[in-house]
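The report below walks through pockets, a metal site, aromatic contacts and backbone angles in turn. Please keep the sequence and the model in view while reading.

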Amino acid sequence: MTTKKQAVFSRLVNELVQKNQGKRIFSFDFENQTYWVKQPEKLTGVWKILKPHPKQSFREELHILKNLYERGAPVPQVILSGEDFFVLKDVGPTLNHWIENAGLNLTPAEKNQILVDAIKALTSLHKKGVTHGRPAIRDIAWRQGKVTFMDFESHSRSLNLQWHKIRDVLVFIHSLCRSKHLSGEQIQYLINKYEEYCESDLWQDVLNLVAKFRFLYYILLVFKPVARMDLIAIYRLFQYLLPLTEENK
Ligand SMILES: Nc1ncnc2c1ncn2[C@@H]1O[C@H](COP(=O)(O)OP(=O)(O)O)[C@@H](O)[C@H]1O
Ligand SMILES: [Mg+2]
């Protein structure tokens with residue numbers, strides 16, 4: 001952008017931020033390009049206790065995004081930032097949008113391809129020693145084969161890199177299992193793909209952890225008839241990962 005355009009852009013953003021005070025996220029268009037403005041979370045009730053430092057998390061996210069972008073990681077570019085907002089370039093619809101939106105008329109094979117692209121991107125992020133924190137399908141974007149990771153969680157330093165990776169893998173697979181729009185066959189296929197692209201020691205650690213907690217699966221089975229979505233997702237996760245732990249014996 002030229003300096004003049006930058007000034008116009010910056011004025012527009014300031015106006016929009018004023019108009020949308022307290023709104024967590026909103027998008028706008030400028031010269032045929034979509035941008036997203038993100039602001040610190042305004043929390044109420046119990047969330048104030050559960051997430052006590054919204055301003056700090058906001059600043060940490062900004063720092064993480066800038067840092068990762070400079071390192072060439074697939075994250076949205078920060079175009080502008082201020083005390084209480086930052087502006088990101090649009091990176092396309094999220095994975096859950098591609099999977100769940102019936103109007104798009106995607107075949108299961110096309111959906112699988114999008115998710116395999118995401119699996120490749122996540123495993124390659126891990127190979128670079130970067131973790132996401134919560135790579136659920138609603139926080140990963142896809143456009144024309146390009147995968148971008150959004151909404152990074154600030155990392156607690158108490159956990160080591162391998163543990164962060166294990167958690168990422170399980171969060172991702174759990175979010176697949178959570179989707180009502182993916183069949184068991186598709187999940188099985190995607191887990192096999194995950195294994196194919198994953199660092200083998202990491203995959204082994206994931207399976208070991210699942211095997212260690214297999215007793216939970218048997219407890220959950222009891223609740224299956226009354227289970228809600230999140231529980232069903234965990235149930236499905238065990239259902240597909242546990243047999244793999246047995247194969248590895
Ligand atoms: N750069 C971007 N490109 C495309 N969509 C985005 C972008 N940033 C945010 N979004 C959309 O806004 C939603 C919420 O943004 P996110 O950063 O996940 O905020 P939150 O921390 O509140 O979950 C995302 O799930 C996505 O749909
Ligand atoms: Mg999000």
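Where does the largest pocket lie with respect to domain 1 (3-89) and domain 2 (95-247)? Domain 1 and domain 2 both give residues to the lining of the largest pocket, so the pocket lies between them; the domain bounds come from an automatic or database domain assignment. This is a predicted model, in which local features need pLDDT of at least 70 and side-chain atom pairs count only at pLDDT 80 or more, whereas totals for chains, interfaces and linings use all residues. Residues are numbered from 1 along each chain as its sequence is written, chains are lettered from A and ligands numbered from 1 in the order in which they are written, and side-chain values use heavy atoms, with hydrogens and water left out.

## Pockets

A pocket is an open set of points, on a 1 Å grid over the protein atoms alone, where a 1.4 Å probe fits and protein lies on both sides within 12 Å along at least five of seven lines; lining residues have an atom within 4 Å of a point. A volume is the space filled by probe spheres set on the points, which are joined across faces, edges and corners. Residues are classed as nonpolar (Ala, Val, Leu, Ile, Met, Phe, Trp, Tyr, Cys and Pro), charged (Asp, Glu, Lys and Arg) or polar (the others, Gly among them).

| Pocket | Volume | Lining | Classes in the lining |
|---|---|---|---|
| Largest | about 870 Å³ | 33 residues | 14 nonpolar, six polar, 13 charged |
| Second largest | about 410 Å³ | 18 residues | 12 nonpolar, two polar, four charged |

Arg 24, Lys 38, Glu 61, Arg 134 and Asp 151 are the lining residues that lie nearest the centre of the largest pocket. Helix H3 supplies the largest share of that lining, seven residues; helices and strands here are DSSP runs numbered from the N terminus (helices H or I, at least four residues; strands E, at least two). In the second largest pocket, the residues nearest the centre are Arg 167, Leu 170, Val 171, His 174 and Leu 237, and the largest share of the lining, eight residues, comes from H6.

## Magnesium site

Asp 151 also appears at the magnesium ion (ligand 2), whose protein donors are Asp 139 (OD) and Asp 151 (OD), at 2.2 to 2.4 Å. Donors are N, O and S atoms within 2.8 Å of the metal (3.2 Å for Na, K and Ca), and sites may look incomplete, since water is not among the atoms. Both Asp 139 and Asp 151 are buried, where buried means under 20% relative accessible area, exposed over 50% and partly exposed in between (1.4 Å probe, protein chains only).

## Aromatic pairs

The whole structure holds 12 aromatic pairs, that is, rings of Phe, Tyr and Trp (its six-membered ring) with centres within 6.5 Å, stacked if the planes are under 30 degrees apart, edge-to-face if over 60 and tilted otherwise. The rings of Phe 9 and Tyr 35 are edge-to-face, because their planes stand at 65°, with centres 4.9 Å apart. This pair links helix H1 (residues 3-19), which holds Phe 9, to strand S2 (residues 33-38), which holds Tyr 35, across 26 residues. Phe 9 is buried at 2% relative accessibility, as is Tyr 35 at 6%. Tyr 194 and Trp 203, by contrast, are stacked, at 5.9 Å centre to centre and 15° between the planes.

## Backbone angles

Asn 32, in the loop between strand S1 (25-30) and S2, has a positive phi near 60° and is exposed at 84% relative accessibility. Gln 144, in the loop between S5 and S6, has a positive phi near 45° and is exposed at 77%.
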